[in-house]
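Let's take a friendly walk through this model, starting with its internal empty space and ending with its helices. Please have the viewer open as you read.

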Number of protein chains: 2
Amino acid sequence: VNINEIGGEFELIQRLSKLIPADNNEVVKGIGDDAAVLRIAPEPAPYLLVTTDMLVENHHFCRTWSAPEQIGVKAAECNLSDIAAMGGVPQWMFASISLPEDIDVAWVENMYRGIARSCQTHKVVLLGGDTTRGENITINITLLGRVEPDRLCLRSAARPGDLIMVTGTLGASAAGCALLNKGKQPSKYLMEKHLTPTCRLDISGQIAFHANAMIDISDGLGPETRHICTQSNVGARIYARDIPIHEEVRTAARLLRVDPLEWALSGGEDFELLFTIAPEKLDPLGTCKTALFKIGEITDAAAGIVLIESSGRAMGLPGGYDHFK
Amino acid sequence: VNINEIGGEFELIQRLSKLIPADNNEVVKGIGDDAAVLRIAPEPAPYLLVTTDMLVENHHFCRTWSAPEQIGVKAAECNLSDIAAMGGVPQWMFASISLPEDIDVAWVENMYRGIARSCQTHKVVLLGGDTTRGENITINITLLGRVEPDRLCLRSAARPGDLIMVTGTLGASAAGCALLNKGKQPSKYLMEKHLTPTCRLDISGQIAFHANAMIDISDGLGPETRHICTQSNVGARIYARDIPIHEEVRTAARLLRVDPLEWALSGGEDFELLFTIAPEKLDPLGTCKTALFKIGEITDAAAGIVLIESSGRAMGLPGGYDHFK
């Protein structure tokens with residue numbers, strides 16, 4: 001039985017989770033969020049956050065499109081984004097790399113420079129890792145950070161009545177990717193959004209203090225909303241007309257004759273943050289509020305997870321990418 | 001320029017290390033030991049240990065020789081061994097896996113069961129990680145642990161006059177591997193040593209309290225001794241006749257007409273511990289002393305790193321395996 005036949009990546013993760021004994025007292029949150037949350041000293045001491053992500057050549061990046069430094073930046077940023085989504089501050093990064101025998105050393109050094117550059121931007125200490133041989137380039141990043149208990153934003157913390165917010169426009173990374181796949185040259189903006197996306201640590205700390213649930217958008221708005229709803233046992237109503245989409249994404253969509261909403265819902269790798277917040281907490285967010293978009297609200301679980309189309313019609317919220325489907 | 005042309009894996013790591021800014025105050029030890037050592041609270045609070053290892057199919061394991069559960073055990077044990085080598089206690093494990101599209105789900109579950117079994121043995125909490133697609137199976141384990149500051153054993157802590165000790169016989173994993181490579185069936189003992197090596201957390205805690213430098217033998221006695229000497233700025237004299245080699249390893253060596261010493265010096269993956277200790281600290285080691293082997297002594301750096309052959313002749317200590325040579 002292969003992974004597709006059992007229902008894909010998330011079903012596999014479900015099965016593997018069952019092989020793991022129940023959480024213990026030091027584990028505040030184990031599998032199932034953007035990072036693991038560990039109690040290393042009694043509260044109110046900060047929790048330790050740990051996230052790990054594996055990037056495989058030709059699945060997560062390819063050498064023909066990306067300069068090595070861009071690949072390094074992307075590997076670092078997608079992990080930094082996981083710490084941002086918990087409300088945390090990143091601290092220490094480890095990078096394991098498998099490399100083909102004939103790889104150019106300069107390529108490896110430049111890729112590593114990209115990782116180091118992202119670390120420097122976010123005051124993260126890069127501490128090495130493992131280097132080994134393999135047919136494909138595989139980069140595994142592990143990032144440790146800390147979070148104050150009162151800033152921790154779990155996927156499971158959304159409540160009916162919360163507003164659903166995103167920190168920026170969606171679909172640009174997918175638009176850039178689609179253009180490259182069709183042999184067309186993306187604009188500078190779409191190229192950057194796809195090849196060197198950046199995490200939202202610039203505002204995640206401010207948001208975390210007031211938000212309930214938070215998650216980063218790495219697989220598209222559709223599945224990320226569903227993760228929050230499933231884990232919080234709530235429903236959601238998302239308004240299609242309120243999903244922010246950049247003008248250049250709309251232009252690319254017209255060129256390729258696709259619905260730009262599809263990129264926002266399933267595209268992934270935008271690394272914006274999706275969060276839920278009680279309406280009365282919106283004002284205290286202060287200045288950073290101006291950069292945020294309200295796209296819907298959290299409902300009771302019974303109301304389901306729905307997308308309200310521009311026509312007013314309600315449909316099940318679509319979208320999502322599975323590595324094994 | 002490829003990795004072989006610049007001098008191999010260790011030269012690459014040297015180059016990458018130079019791209020990383022100097023250590024900061026929270027980093028007790030960064031790159032260059034079995035695990036990173038991080039100060040998460042003022043001493044005498046324990047330090048946080050972090051180690052990460054990447055295993056690639058057909059380089060570190062192969063599906064024809066190993067059952068999936070054995071591969072999982074080996075992936076876990078080689079990381080547990082790194083924590084043992086620091087004098088630490090392992091706590092939390094994360095596993096990232098890339099899998100080919102057509103992999104049998106039962107294979108993945110059984111591999112994961114192997115990881116979980118090793119975790120259970122050592123009271124480590126397995127906390128998931130990442131699952132993605134790739135052409136090769138690649139397993140990246142990240143293991144966190146803690147160590148009391150007075151038990152921390154760095155590679156850089158050996159002093160002239162120290163005894164050099166190992167915790168068990170060497171070369172059995174390499175002997176098992178060599179037999180398999182030649183199409184011969186290894187004995188049950190050699191098979192187990194190669195396919196499911198086990199870390200020495202059973203005695204590492206006792207040793208760590210008295211030892212100076214410690215390292216685990218993953219690449220063979222030769223390079224591990226050299227790591228300690230380089231980082232401690234000392235020399236070493238190893239006596240060939242005192243290197244413990246199991247009778248079954250000698251039998252296999254006779255069969256394949258090779259020198260069993262070569263397996264001990266370069267074979268690797270024994271996951272025994274190599275440590276240095278002041279002579280007067282040997283008695284306080286107590287009962288666990290009976291299982292240890294003295295193989296040489298630490299000298300001044302000027303005396304070099306030498307192997308004294310059975311004939312009495314001194315030669316430069318040979319041995320080592322490089323993934324890129």
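The second largest cavity is lined by B:Thr169, B:Ala172, B:Lys193, B:Glu269, B:Asp270 and B:Glu272. This is a predicted model in which local features need pLDDT of at least 70 and side-chain atom pairs count only at pLDDT 80 or more, while totals for chains, interfaces and linings use all residues; side-chain values use heavy atoms, without hydrogens and water. Residues are numbered from 1 along each chain as its sequence is written, with chains lettered from A and ligands numbered from 1 in the order in which they are written.

A cavity here is a set of points, on a 1 Å grid over the protein atoms alone, where a 1.4 Å probe fits but cannot get out, and its lining residues have an atom within 4 Å of a point. Volume is the space filled by probe spheres set on the points, which are joined across faces, edges and corners. The structure holds 3 cavities of 30 Å³ or more, and two of them are set out below.

| Cavity | Volume | Lining by class |
|---|---|---|
| Largest | about 40 Å³ | 2 nonpolar, 8 polar, 2 charged |
| Second largest | about 40 Å³ | 1 nonpolar, 1 polar, 4 charged |

In these classes, Ala, Val, Leu, Ile, Met, Phe, Trp, Tyr, Cys and Pro are nonpolar, Asp, Glu, Lys and Arg are charged, and the others, Gly among them, are polar. The lining of the largest cavity includes A:Val56, A:Glu135, B:Val56 and B:Glu135.

How are the two chains related? A turn of 180 degrees and a shift of 0.0 Å along the axis lay chain B on chain A with an RMSD of 0.0 Å, by least squares on the C-alpha atoms of residues with pLDDT of at least 70 in both. The two copies are therefore related as by a two-fold rotation axis. Both use the same surface, as 100% of the contact residues of chain B recur in chain A, contact meaning heavy atoms within 4.5 Å.

Now to the helices, which are DSSP runs (H or I, at least four residues), as strands are (E, at least two), numbered from the N terminus. Helix α4 of chain A (residues 105–121) has 17 residues. Among its buried residues (under 20% relative accessible area, 1.4 Å probe, protein chains only) are A:Trp107, A:Met111 and A:Ile115. The buried residues of α4(A) pack against elements including β4 (89–99) of chain A and α2 (9–17) of chain B. Just after α4(A), A:Lys123 has a positive phi of about 55 degrees.

A:Ala174 lies in helix α5 (residues 172–181) of chain A and is buried, at 11% relative accessible area.

Technical notes
The expected span of a helix is 1.5 Å times one less than its number of residues. Buried means under 20% relative accessible area, exposed over 50%, partly exposed in between (1.4 Å probe, protein chains only). On a 1 Å grid over the protein atoms alone, a cavity is a set of points where a 1.4 Å probe fits but cannot get out, and a pocket is an open set with protein on both sides within 12 Å along at least five of seven lines; lining residues have an atom within 4 Å of a point.
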